[in-house]
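Let's take a walk through this protein chain and see how its parts meet. The structure comes up just below, so keep it in view as you read.

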Amino acid sequence: MSLIVDLHTHSTASDGTLSPSELVTQAGAAGVGLLALTDHDNTEGVAEAREAASGLGIELVSGIEISVTWNAGVVHIVGLDIDIENPLLCRGLAGVRAFRQWRAVEIGERLAKAGIPGAYEGARALSNGRLISRTHFARFLVARGYAPDMRRVFKRFLVSGKPGHVPGRWARLEDAVAWVRAAGGQAVIAHPARYSFSRSKLRRLIGEFSESGGSAIEVVSGSHTREESHTMGRHARDFGLLGSVGSDYHGPESLWNGLGCIAPLPDGVEP
């Protein structure tokens, strides 16, 4: 049997619904042999995940998913096989988390002005006091009946032009790549097809990422169609980048992207 690899997952250290050890246990049950924990903007869950993985014979890759502002939009850069104690990485992530905390308070205030009180407190409770994301606000709003599901709650409340939208001021692309490289890791553009960029804009992103020292594109993602994966594979080959694979798993509620349920890389893409 070939090794099942999943290099993009989340736990309760960010916006996943399983603890790091529960995530690893689920990965083991799914037959995953090589797993990366890539929580948003923090590495708090890596130690717990590594301990759980050692008991199950899973190779655990220390990872991160860094929020980046690029061309007035938001993209995500995954870092794989990083030293989670690297000083440059830790300082950079601390700054990103500080903005994330400010944004969470601001989202709560804006939703309160729109007639939805208690959103910040509700999101914070769902985060267990850890990093607070828009996903936690979305779960709170769905639970309170403001929308029937996560997709529609984002469209109604949390995107540009809606009551709970707060523009991001995240890391610069070149800084995020530099942090990952300083920590001994490889930088990867996460789920590139999800950004809905034009072909020329996406290739501009990939070009700047490559020039900054980036290593790979997430060619196969839980949010990519088969056609999109083949397109991202062509981009990887064109720019001389490697190809990564990851489900972007957030928990068992995400029925469309199960742990390790990932198609193989397209032919000609180096993993």
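## The annotated N-terminal span

In residues 5–70, the C-alpha atoms at the two ends are 29 Å apart, and the span is 32% helix and 30% strand. The model you are looking at is a predicted one. UniProt, in an unreviewed entry, gives residues 5–70 the feature "domain: Polymerase/histidinol phosphatase N-terminal".

## Two domains

The domain assignment splits the protein chain into domain 1, made of 4–85 + 172–246, and domain 2, covering 93–156. Between the C-alpha centres of domain 1 and domain 2 the distance is 24 Å.

How many residues of each domain are in contact with the other? On the side of domain 1 there are 14 residues, and they touch 11 residues of domain 2.

## The interface between them

The size of an interface is often given as the accessible area lost when the parts come together. Here, domain 1 and domain 2 bury about 1,100 Å² between them, with 51% of that area on carbon and sulfur atoms. Three residues stand out on the domain 1 side: Thr12, Asp15 and Asp41 supply 42% of the area that domain 1 buries against domain 2, more than any other three residues.

Polar contact joins 8 residue pairs between domain 1 and domain 2, counting pairs with both residues at pLDDT 80 or more. Strand E3 (residues 59–70) provides the largest share of the side of domain 1 that touches domain 2, with 3 residues. That side of domain 1 is made up of 4 nonpolar, 7 polar and 3 charged residues.

## Salt bridges

The structure holds 8 salt bridges, and the count between domain 1 and domain 2 is 2. Asp41, already met for its buried area, forms a salt bridge with Arg100, where the closest N and O atoms are 2.7 Å apart.

Glu44 pairs with Arg130 in a salt bridge, with 2.9 Å between the closest N and O atoms. Glu44 sits in the loop between strand E2 (32–37) and helix H2 (46–56), and Arg130 in the loop between helix H4 (119–126) and helix H5 (134–143), so this pair ties together parts that are 86 residues apart in sequence.

How values were computed:
Residues numbered from 1 in each chain as written. Predicted model: local features only at pLDDT ≥ 70, side-chain atom pairs only at ≥ 80, totals over all residues. Heavy atoms only, no water. Domains from an automatic or database assignment. Contact = heavy atoms within 4.5 Å. Buried area = accessible area lost by both parts, 1.4 Å probe. Salt bridge = Lys/Arg side-chain N within 4 Å of Asp/Glu carboxyl O. Polar contact = N/O pair within 3.5 Å; in protein donor to acceptor, adjacent residues only side chain to side chain. Helix = DSSP H or I, 4+ residues; strand = E, 2+ residues; numbered from the N terminus. Nonpolar A, V, L, I, M, F, W, Y, C, P; charged D, E, K, R; others polar. UniProt positions renumbered as here; feature names shortened; annotations may be inferred.
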